[in-house]
Amino acid sequence: MTSEYGKPYDSPGFLLWQVTNLWQKNVRHALHDFDLTHVQFILLASTDWLNAQSTHGDVTQVQIASHANIDPMMASQVLRHLEKKGFLIRKEHPTDTRAKSIALTPAGVQIVSQALDIVMKVDHSFFSKLGEEEATMSRLMKSLDSHITNN
């Protein structure tokens, strides 16, 4: 059985898998000292960013999950865990009784700020190997993900 790509390293999917795993390994290592998983970091950073964009401060779990492109049930579980760690508060939404508004606590703001600096350094170190092609790679990845290009 032969693939249309010939060798595994000619397959864009396999290459994406390999590179993604390597990048995630670097991010996991960087977040270890913060006692955060990558998903926890993404949800904290998404919560921070969405609340900064919101004029009412009533960002919901569903909005956070959608922004992070994470299953809403998984996001809910992770957000509950982050609440137990003291990084965020979940409260009743002012207009939708079924929804929860999510906001970072001062400890959450501090940890996401510190972790974001470290993750940005990891990203810079990892992706700077592309040189001038880094912007092209970002553009190409956005073209593959309609969630990104529609926001």
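Which residues does Asp58 touch, not counting residues up to four places away in sequence? The partners are Asn51, Gln63, His93, Pro94 and Ser101, where contact means heavy atoms within 4.5 Å. This is a predicted model, in which local features need pLDDT of at least 70 and side-chain atom pairs count only at pLDDT 80 or more, while totals for chains, interfaces and linings use all residues. Residues are numbered from 1 along each chain as its sequence is written, and side-chain values use heavy atoms, with hydrogens and water left out.

Asp58 sits in the loop between H2 and H3. Asp58 is buried, that is, under 20% relative accessible area, with exposed meaning over 50% and partly exposed in between (1.4 Å probe, protein chains only). Despite being buried, Asp58 has no salt bridge, a salt bridge being a side-chain nitrogen of Lys or Arg within 4 Å of a carboxyl oxygen of Asp or Glu. The nearest side chain of opposite charge is that of Lys91, 9.4 Å away; for charges, Lys and Arg count as positive and Asp and Glu as negative, with His and the chain ends not counted.

Now for the chain as a whole. The protein chain has seven helices and two strands, taken as DSSP runs numbered from the N terminus (helices are H or I, at least four residues; strands are E, at least two). Going along the sequence, the order is α-α-α-α-β-β-α-α-α. The C-alpha trace spans about 55 × 30 × 30 Å along its principal axes. Of the 151 residues in the protein chain, 30% are buried. If one takes contacts between residues at least 6 apart in sequence, 51% of them join residues at least 24 apart. The protein chain exposes about 10,300 Å², and carbon and sulfur atoms supply 57% of that area; accessible areas come from the Shrake-Rupley method with a 1.4 Å probe, and for residues only the protein chains shown count as cover. As for charge, there are 14 positive and 16 negative charges, and their mean positions lie 5 Å apart, each charge being placed at NZ of Lys, CZ of Arg, CG of Asp or CD of Glu.

What holds the nonpolar residues together on paper is a simple rule: a nonpolar core is a set of buried Ala, Val, Leu, Ile, Met, Phe, Trp, Tyr and Cys residues joined through side-chain atoms within 4.5 Å. The largest such core has 27 residues, and the members touching the most other members are Leu31, Leu36, Leu43, Leu44, Leu82 and Leu88. At least two core residues come from each of helix H1 (12-31), helix H2 (38-53), helix H3 (61-68), helix H4 (72-84), strand E2 (100-104) and helix H5 (106-127). H5 gives the largest share, five residues. Leu44 shows how these pieces come together: leaving aside neighbours within four places in sequence, Leu44 is in contact with Leu36, Leu82, Phe87, Leu88, Leu104, Ile111 and Val112.

Back to the charged side chains. The structure holds four salt bridges. One of them joins Lys100 and Glu92, at 2.7 Å from N to O. Lys100 is partly exposed, at 27% relative accessible area, and Glu92 is partly exposed too, at 49%. Another pairs Arg90 with Glu83, with the closest N and O atoms 3.4 Å apart; Glu83 counts as partly exposed at 30% relative accessibility. Arg98 and Asp96 also form a salt bridge, with 3.4 Å between the closest N and O atoms. Here Arg98 is exposed, at 75% relative accessible area, whereas Asp96 is partly exposed at 25%.

Sequence separation and distance in space can be set side by side for two pairs. Ser113, in helix H5, is partly exposed at 40% relative accessibility. Ser113 and Asp48 are 65 residues apart in sequence, with their C-alpha atoms 9.2 Å apart. Glu133 lies in the loop between H5 and helix H6 (134-144) and is partly exposed, at 47%. Glu133 and Arg98 are 35 residues apart in sequence, yet 45 Å apart from C-alpha to C-alpha.

Two loop residues have backbone angles worth a look. Asp35, in the loop between H1 and H2, has a phi near 55°, a positive value in a residue other than glycine. Asp35 is exposed, with a relative accessible area of 55%. Asn69, in the loop between H3 and H4, likewise has a positive phi, near 60°, and is not glycine.
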